[in-house]
Amino acid sequence: MAVAESVSGGVRGAHEGILRRQSARESAARTYARALPIVPVRARGLTIEGADGRRYLDCLSGAGTLALGHNHPVVLEAIRKVLDSGAPLSVLDLATPVKDAFITELFRTLPPGLADRARVQFCGPAGTDAVEAAFKLVRAATGRAGILAFTGAYHGMTTGALAASGGACDVRVARLPYPQDYRCPFGVGGPRGAELAARWTESVLDDPKSGVPLPAGMILEPVQGEGGVIPAPDDWMRRMRQITAARAIPLIADEVQTGVGRTGAFWAVEHSGVTPDVMVLSKAIGGSLPLAVVVYRDDLDVWEPGAHAGTFRGNQLAMAAGTATLAHVRENGLTERAAVLGSRMFSQLTDLTREFACVGDVRGRGLMIGVEVVDPQGDGEAETERQGDALLSPGPVPGPGNDPAPPTAGAQTPRTPLPAAPELAAAVQRECLRRGLIVELGGRHASVVRLLPPLTISDEQAAAVLDRLADAVAAVERLSQAGGAKKPSG
Ligand code: PMP
């Protein structure tokens, strides 16, 4: 007994020592590490084991990277095969059998209108690299400069991508309203809110005095991830396609987070049937290793040799892991599984909006789900007025299943949005962690609890995730009623 205690004391000490050294040595810009003080040492599927011996269900999945969860056998086998073959691991943009197989598998999955005429550019390995490459490409192809992006968008952290995400940078980005129901900027939500958003976009482009010259491209996420898990209505997506096509503006779909089955379609643009001109892909396509590409229609391929270079464009392990992941998702119907399980999880989660005053909204598509935490004591009427109109009449919006999507709770019960509650959301995240569940926070006000489980999650695991989350929300609600969790200031 004494030996066991000292072993576990030693394990705990090592865990705490690592965390202590991390906060002493790593940048103040640390992100996930602050809210999730864990030290992962082993992982498989949905489960992570910490250096303290605790086990967690991981619904962060490397920020949506792990379509097959941690260390899936087909991914490990693909990596080992490359290692054992003696193949070079880094080859710039040279041709290799590993890369050839990756491109073949990738092209097999692309939306039909793009697959037949696709070109792929291997750029630097992060999503933000692909976004930069896409901007450069459409600028070269159109001879124009500006980019259209949307409120709440997230495209990365390099300068151009950051500008498109709403950061203050000197890149000409015109920002347009992204449709959303719960906090509709026009105060109406539903199809009408989306229609107004589309009309605004159209008028900005057609009004010679709007201050927005004809842009080089429009970039959008079919489901905003970091912006708070906001699925774009399919009709709105089609409107964006029509508006851009009519004005010869290349449409760039950022599928960095939504791709590879996550939303219940292999690529999220498939829900609306929209064929973009350019797609930026990363995260899951590398099967947990860094890999990013830009895929675009051949007539946009105006680049001169070397127009967009970079050292780390030939990661053979990532390509092999990515090929294995794409093939496994395709061959095992994991996209359909994400749609079905996502719908089920979504409808169980919407019960939370009825049960807990601090759950304002639940939304998502497939296995990309968000639970917005609000201040139950906040002034909903003031919030509504602040957003523009006191008349809320939400209509059907995309839910997490296929199109036509099941209506969200918001579609059934018109609700007044309450103020976002980032501190309560952070408390839910902490309570989840205490119960062995890792979730991410996102959204404009960091008040949306995000679930991005691997597509391989079992029914039992999904039930455990929902139980722990509901339990955590109940604990936070109790605390907030007792005045234990600080109310947000604004
Ligand atoms: N686009 C989207 C839609 C994303 O979600 C992200 C990352 N969360 C990025 C781009 C940037 O990817 P990275 O962090 O790999 O640069």
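**Note on the ligand site and the four-stranded sheet**

1. A polar side-chain atom of D254 lies 2.7 Å from a nitrogen atom of the ligand. Taken alone, the ligand exposes 390 Å², and the protein buries 84% of that area. The model is a predicted one, and the distances and areas in this note are computed from it.

2. Two backbone contacts also belong to the ligand site. At G127, a backbone N or O atom is 2.9 Å from an oxygen atom of the ligand. At Y154, a polar backbone atom is 3.4 Å from a ligand nitrogen atom.

3. The ligand sits in the largest pocket. The residues around the ligand are A126, G127, T128, Y154, H155, G156, E221, E226, D254, V256, Q257 and K283. By class, this shell divides into three nonpolar, five polar and four charged residues. Glycine is counted as polar and tyrosine as nonpolar in that division.

4. Apart from the ligand site, the model has an open sheet of four strands with mixed pairing, in the order 1-2-3-15. Its edges are strand 1 (40–44) and strand 15 (437–438), each of which pairs on one side only.

5. Strand 1 pairs with strand 2 (residues 47–50) in the antiparallel sense, over four bridges. Which residue of strand 2 is the bridge partner of R42? The partner is E49.

Terms used
Residues are numbered from 1 along each chain as its sequence is written. This is a predicted model: local features need pLDDT of at least 70, side-chain atom pairs count only at pLDDT 80 or more; totals for chains, interfaces and linings use all residues. Side-chain values use heavy atoms; hydrogens and water are left out. A residue is near a molecule or strand if one of its heavy atoms lies within 4 Å of it. A polar contact is a pair of N or O atoms within 3.5 Å; within protein, one must be able to donate a hydrogen and the other to accept it, and residues adjacent in sequence count only if both atoms are side-chain atoms. Accessible areas come from the Shrake-Rupley method with a 1.4 Å probe; for residues, only the protein chains shown count as cover. On a 1 Å grid over the protein atoms alone, a cavity is a set of points where a 1.4 Å probe fits but cannot get out, and a pocket is an open set with protein on both sides within 12 Å along at least five of seven lines; lining residues have an atom within 4 Å of a point. A molecule sits in a cavity or pocket if more than half of its atoms lie within 2 Å of its grid points. Two strands pair if DSSP finds at least two bridges between them. Helices (H or I, at least four residues) and strands (E, at least two) are DSSP runs, numbered from the N terminus.
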